[in-house]
Amino acid sequence: MIYLGFVSMLFIGCGNSNSNGACDWHVRKFSATVINISFDNLNTKGDSVFSVKMMFDAGSLSEKDQDLGKLRGFDITREKLIQNKLKVNSTYTGKINDLKSGNCETPIVAFDQRLR
């Protein structure tokens, strides 16, 4: 199931390729550790939204800490913190695809764990 999501994300990312051909990728395994969780704001429903900062050990995302909510494209509410067991020093693994050549959207991140 995870690999199916990874492959579908890869094809979606390549949909933006230029007319010179397909994109070529650097594919790396990563480990990402939660380094900070802090209150960010209230969403339109009045729920508390948290910023979950992660440090990646590989790929282009390893250059600085990353916000998990922005990477995944959703608000991280208290319920999501509990549902995904997000806490400081938790470590997650996966693969990151960074663009080597072509004109595709990059990076593409696929976690091994199901973050919902």
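Begin by selecting Phe30 and Phe111, both of which are buried, and bear in mind throughout the tour that this is a predicted model.

With these two side chains displayed, look at how their rings meet: of the 4 aromatic pairs found in a search of the whole structure, one is formed by Phe30 and Phe111, whose arrangement is edge-to-face, with 5.5 Å from centre to centre and 85 degrees between the planes. Colouring by secondary structure next will show that Phe30 belongs to strand β1 (residues 24–42) and Phe111 to strand β5 (residues 108–111), so the pair ties together parts of the chain that are 81 residues apart in sequence. Add Phe56 to the selection, and the view then holds one aromatic cluster made up of Phe30, Phe56 and Phe111.

The next stop is the disulfide, of which the search of the whole structure finds 1. Select Cys23 and Cys104, whose sulfur atoms are 1.9 Å apart, and, if the viewer reports torsions, check the link between Cys23 and Cys104, which is right-handed with 95 degrees about the S-S bond. Cys23 is in the loop between α1 (2–14) and β1, while Cys104 is in the loop between β4 (91–101) and β5, and the pair thereby links distant parts of the chain, 81 residues apart. Are these cysteines buried or exposed? Because buried means under 20% relative accessible area, Cys23 counts as buried at 12%, and Cys104 is likewise buried at 8%.

Finish by selecting Phe74 together with Lys80, where the charged end of Lys80 sits over the ring of Phe74, 4.8 Å from the centre of that ring.

How values were computed:
Residues numbered from 1 in each chain as written. Predicted model: local features only at pLDDT ≥ 70, side-chain atom pairs only at ≥ 80, totals over all residues. Heavy atoms only, no water. Phe/Tyr/Trp six-rings, centres within 6.5 Å; stacked < 30°, edge-to-face > 60°. Helix = DSSP H or I, 4+ residues; strand = E, 2+ residues; numbered from the N terminus. Buried < 20%, exposed > 50% of the residue type's maximum accessible area, 1.4 Å probe, protein only. Lys NZ or Arg CZ within 6 Å of the ring centre and 35° of its normal. Disulfide = S-S within 2.5 Å.
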